[in-house]
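Biologist: I would like to go through this structure with you. Please keep the answers short and show the reasoning.

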Amino acid sequence: MTLDGTNSYVLRAPGAANAIVVDPGPDDAGHLARLASAGPVELVLITHHHADHVAGAAAFAELVGAPMRAVDPEYCAGAAPLVDGETIRAAGLALEVLHTPGHTADSACFLVQGEEGPAVLTGDTILGRGTTIIADPDGALGPYLDSLARLRALALAADAPVPVLPAHGAVLPDLAAICDAYLAHRAERLEQVRSALAELGSGASAEAVTDLVYADTDASVRQAAEASVRAQLAYLRGERG
Ligand SMILES: [Zn+2]
């Protein structure tokens with residue numbers, strides 16, 4: 001589920017001494033030592049609570065002596081939880097916090113103003129390839145669609161394509177384009193689930209719908225497919241968001 005592993009980002013303005021580290025990642029001593037060697041770390045930010053993003057975070061924050069902040073108060077050390085719309089000033093940068101629930105309830109993105117324009121760190125809300133899992137019931141489809149629409153509007157308001165810095169996979173050149181693709185993919189999947197319900201009956205189980213919609217899916221991703229169907233059923237039945 002991590003594609004090539006988790007991307008940890010080190011952010012700093014040109015000439016700034018200190019850095020912000022986003023998503024220190026798994027508890028891997030070599031990786032954390034390498035991140036720490038990037039210079040004095042002023043702040044550790046977390047995009048969401050999944051283990052591949054936070055398992056090494058508390059140890060890392062202690063190692064570099066920096067406060068850690070996340071939407072979820074459980075992953076804040078020595079600082080307040082992140083608030084939607086707040087501007088973080090550190091490492092010579094101004095980062096805007098965007099609370100973007102959907103993948104998880106606590107998912108956040110960070111809008112950073114770079115020398116060549118804005119870029120958005122998207123965590124697992126948008127990935128470098130493939131599509132994002134809705135981690136039902138922590139995640140939910142309704143909020144996720146709203147988060148994508150919000151990111152899309154933000155991208156369209158910029159003067160030029162806004163780069164996407166995802167937590168897994170490669171950097172993408174155009175936030176608006178990837179939001180369009182994700183929204184189209186979600187609409188297509190919802191349509192498939194709707195037609196499965198028409199065939200199976202509106203009370204059909206997630207298992208039965210998954211058998212039909214994801215018939216050619218490999219056993220290794222069956223659980224993820226079923227979770228995705230549960231999220232879609234909850235959305236269509238108006239249960240969660
Ligand atoms: Zn995740």
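Biologist: Where is the place of A158?

Modeller: This is a predicted model, and the answer applies to that model. Among the secondary structure elements, A158 belongs to the loop between α4 and β9.

Biologist: Does A158 count as buried, partly exposed or exposed?

Modeller: Buried would need 20 or more other C-beta atoms within 10 Å, and exposed 12 or fewer. A158 has 15 C-beta neighbours inside 10 Å, so it counts as partly exposed.

Biologist: Which residues is A158 in contact with, leaving aside neighbours within four places in sequence?

Modeller: L35 is 123 residues from A158 along the chain, and the two C-alpha atoms are separated by 31 Å. The contacts of A158, with neighbours within four places left aside, are G117 and P118.

Biologist: How many helices and strands does the protein chain have, and is it as compact as a globular protein of that length? What radius of gyration does it have?

Modeller: The chain has 7 helices and 9 strands. For 241 residues the globule rule gives 18 Å, and the chain comes close to this, so it is as compact as a globular protein of that length. Its C-alpha atoms fill a box of roughly 60 × 40 × 30 Å along the principal axes. The radius of gyration is 19 Å.

Biologist: Of the 241 residues, what percentage count as buried?

Modeller: Among contacts between residues at least 6 apart in sequence, 54% join residues at least 24 apart. The buried part of the 241 residues is 41%.

Biologist: What is the order of strands in the open sheet of 4 strands?

Modeller: β1 and β2 run antiparallel and are joined by 3 bridges. β2 and β3 pair in the parallel sense over 4 bridges, and β3 and β4 pair in the parallel sense over 2 bridges. The pairing is thus mixed, and the order is β1-β2-β3-β4.

Biologist: Which strands stand at the edges of the sheet?

Modeller: An edge strand here has a single partner strand, so one side of it is left without a neighbour in the sheet. The strands in that position are β1 and β4.

Biologist: Which residue in β3 is the bridge partner of V22?

Modeller: On the β1 side, Y9 stands opposite V22. On the β3 side, V21 has V44 as its bridge partner, and V44 stands opposite M68 in β4. The β3 partner of V22 is L45.

Biologist: Which residues of β2 are buried on its two faces?

Modeller: In a regular strand the side chains alternate between the two faces of the sheet. In β2, both faces are covered. One side has A19 and V21, and the other has I20 and V22.

Biologist: What handedness does the β-α-β unit of β2, α1 and β3 have?

Modeller: β2 (residues 19-22) and β3 (residues 41-45) pair in the parallel sense. Helix α1 (residues 29-36) completes the unit with these two strands, and the unit is right-handed.

Biologist: Why does the distance between the end C-alpha atoms of α5 agree with its number of residues?

Modeller: Helix α5 covers residues 175-200, which is 26 residues. At 1.5 Å a residue it should span 38 Å, and the computed separation agrees because it is 37 Å.

Biologist: Which elements do the buried residues of α5 pack against?

Modeller: The buried residues of α5 are L175, I178, C179, Y182, R186, V193 and A196. L175 touches V120, L151, A155, V162 and V164, not counting residues up to four places away in sequence. Taken together, the buried residues of α5 pack against β8, α4, β9, α6 and α7.

Biologist: Which residues touch the most other members of the largest nonpolar core?

Modeller: This core has 56 residues, and its largest share, 5 residues, comes from α4. A second, separate core of 5 residues includes V193, A196, V229 and L233. In the largest core, the residues that touch the most other members are I20, V44, A57, F110, V120 and L175.

Technical notes
Residues are numbered from 1 along each chain as its sequence is written. This is a predicted model: local features need pLDDT of at least 70, side-chain atom pairs count only at pLDDT 80 or more; totals for chains, interfaces and linings use all residues. The expected span of a helix is 1.5 Å times one less than its number of residues. Two residues are in contact if their C-beta atoms, placed from the backbone, lie within 7 Å. A nonpolar core is a set of buried Ala, Val, Leu, Ile, Met, Phe, Trp, Tyr and Cys residues joined through C-beta atoms within 7 Å. Two strands pair if DSSP finds at least two bridges between them. A crossover is right-handed if, with the strands pointing away from the viewer, the path from the first strand over the helix to the second runs clockwise. The radius of gyration is taken over C-alpha atoms; the globule rule is 2.2 Å times the number of residues to the power 0.38.
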